[in-house]
Amino acid sequence: MVNVAVLGGGGTGCYVAGELTLRGYSVCLYEEKKYWHENIDGILEREGIELTGLGVNGFAKIEKITDNLSEAIDGVELIIVCMVAWRHKELAEQLKPIVKDDDVIVMSAGNFGSIVLKHTFGLESKTVVGETMGNMFSCRMVGDGVAVAAGPYKTKSVAAFPAKDNHKVLERFSKFYSCKEAKNVFETALNAPNVTIHLAASLLNTGGIERDPEFKLYRDGLSQGVINCQKVIESEKHKIMAQLGYSSVVHTDYMDDLVQYDKFPELDCFRDLAGPSSMLHRYIVEDVLIGNSVLMRLGDLLGIPTPTVKALIQIARAINGENYFEKGIKLEDLGVTAALPEEINRYLETGDY
């Protein structure tokens with residue numbers, strides 16, 4: 001019997017499928033056939049995936065790889081979604097007619113996707129949907145059937161939407177990965193490192209990225225000035241998190257270590273992670289449309305200035321010629337129609353006001 005379905009054949013999905021396999025679980029990896037050329041074809045050609053780097057190492061022969069979504073999730077104990085945010089709505093529509101009451105879905109990284117799925121299923125649905133704080137692994141595909149992780153799995157904060165289901169998602173997810181409870185999915189999504197790290201560093205390195213498709217942000221793009229900008233973003237985020245009553249995770253301390261290139265050799269694997277490859281990379285587009293957009297709109301709603309976040313959104317708009325202020329996800333898209341922190345938290349707890 002397949003224990004886990006991993007939905008998404010990008011770097012994270014392939015790595016998670018291989019990692020679970022090497023730890024003894026039976027895994028089904030799902031991806032739409034039109035995306036198989038990116039990673040799946042290489043895995044099939046090698047008849048497995050080689051995991052390298054600082055996580056679990058070894059050659060994993062994944063139990064099943066399919067483009068049939070119903071087949072992928074049938075009878076599994078856990079469904080892990082590893083897809084970029086712009087695919088969440090389509091996936092939700094595809095899952096709606098086939099999910100079961102006892103299914104538990106965990107999204108990595110969430111990017112508020114649990115709200116998208118749950119609203120699509122209907123709040124009356126007994127399917128449990130949650131998300132992790134940030135991605136489960138810092139990893140990449142580095143060749144046909146070869147993946148690298150820049151570090152081992154570390155205990156993840158997890159929450160469900162609505163948060164009254166936290167205990168259900170934690171109980172199921174903890175069978176496979178160490179985890180701890182977050183207050184709700186706003187706390188997990190806004191505390192993802194992407195929100196404070198990706199957009200600022202990428203925009204400040206536009207020239208280098210556009211000249212070099214092999215650009216490595218954490219080796220080629222970090223400097224004290226870049227980190228200073230990230231810290232201002234983090235400060236703006238902290239004020240919003242405090243107003244909402246959430247814990248706020250600091251990620252720029254890690255950037256301070258990374259930029260000391262003559263120290264901490266154990267971080268070299270992370271420094272060597274590729275990307276962004278262009279200004280349309282997910283480090284820019286996904287984060288400006290999702291995390292930074294929500295941060296800006298929460299600031300406006302709560303009366304907390306976010307001038308640096310807004311400046312970065314404007315710069316991204318100028319670079320890519322896209323009106324990200326208009327296209328970015330809005331609070332009402334997530335069902336947030338209240339203005340008071342206690343009302344927002346009540347909605348995230350119960351799904352209603």
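Three short exercises follow, all on a predicted model.

**Exercise 1. Place Glu-32 and decide whether it is buried or exposed.**

Step 1: Find the element. Glu-32 sits in the loop that links β2 (27-30) to α2 (40-46).
Step 2: Check accessibility. The relative accessibility of Glu-32 is 14%. Buried means under 20%. Glu-32 is therefore buried.
Step 3: List the partners. Neighbours within four places in sequence are set aside; Glu-32 then touches Asp-67, Arg-87, Glu-90 and Gln-94.
Step 4: Look for a polar contact. The side chains of Glu-32 and Arg-87 make one, at 3.2 Å.

**Exercise 2. Do the same for Glu-181: is this residue buried or exposed?**

Step 1: Glu-181 belongs to strand β12 (residues 179-181).
Step 2: Its relative accessible area is 53%. The cut-off for exposed is over 50%, so Glu-181 is exposed.
Step 3: Beyond neighbours within four places in sequence, Glu-181 contacts Val-158, Asn-166 and Leu-170.
Step 4: With Asn-166, the contact includes a side-chain to side-chain polar pair at 2.9 Å.
Step 5: Compare sequence with space. Met-107 is 74 residues away from Glu-181 in sequence, and their C-alpha atoms are 15 Å apart.

**Exercise 3. Describe how α8 and α14 cross.**

Step 1: Take the axes. Those of α8 (residues 193-203) and α14 (residues 282-289) come within 9 Å and cross at roughly 130°.
Step 2: Classify the angle. The two helices are therefore oblique to each other.
Step 3: Give the hand. The crossing of α8 and α14 is left-handed.
Step 4: Name the residues. From α8 come Asn-194, His-198, Leu-199, Ser-202 and Leu-203; they meet Arg-282, Tyr-283, Ile-284, Asp-287 and Val-288 of α14.
Step 5: Sort them by class. The contact of α8 with α14 has five nonpolar, three polar and two charged residues.

Conventions: Residues numbered from 1 in each chain as written. Predicted model: local features only at pLDDT ≥ 70, side-chain atom pairs only at ≥ 80, totals over all residues. Heavy atoms only, no water. Helix = DSSP H or I, 4+ residues; strand = E, 2+ residues; numbered from the N terminus. Buried < 20%, exposed > 50% of the residue type's maximum accessible area, 1.4 Å probe, protein only. Polar contact = N/O pair within 3.5 Å; in protein donor to acceptor, adjacent residues only side chain to side chain. Contact = heavy atoms within 4.5 Å. Axes fitted to C-alpha atoms, helices over the stretch in contact; angles between N-to-C directions. Parallel < 35°, antiparallel > 145°, perpendicular 65-115°, else oblique. Left-handed = near helix turned anticlockwise from the far one by under 90°. Nonpolar A, V, L, I, M, F, W, Y, C, P; charged D, E, K, R; others polar.
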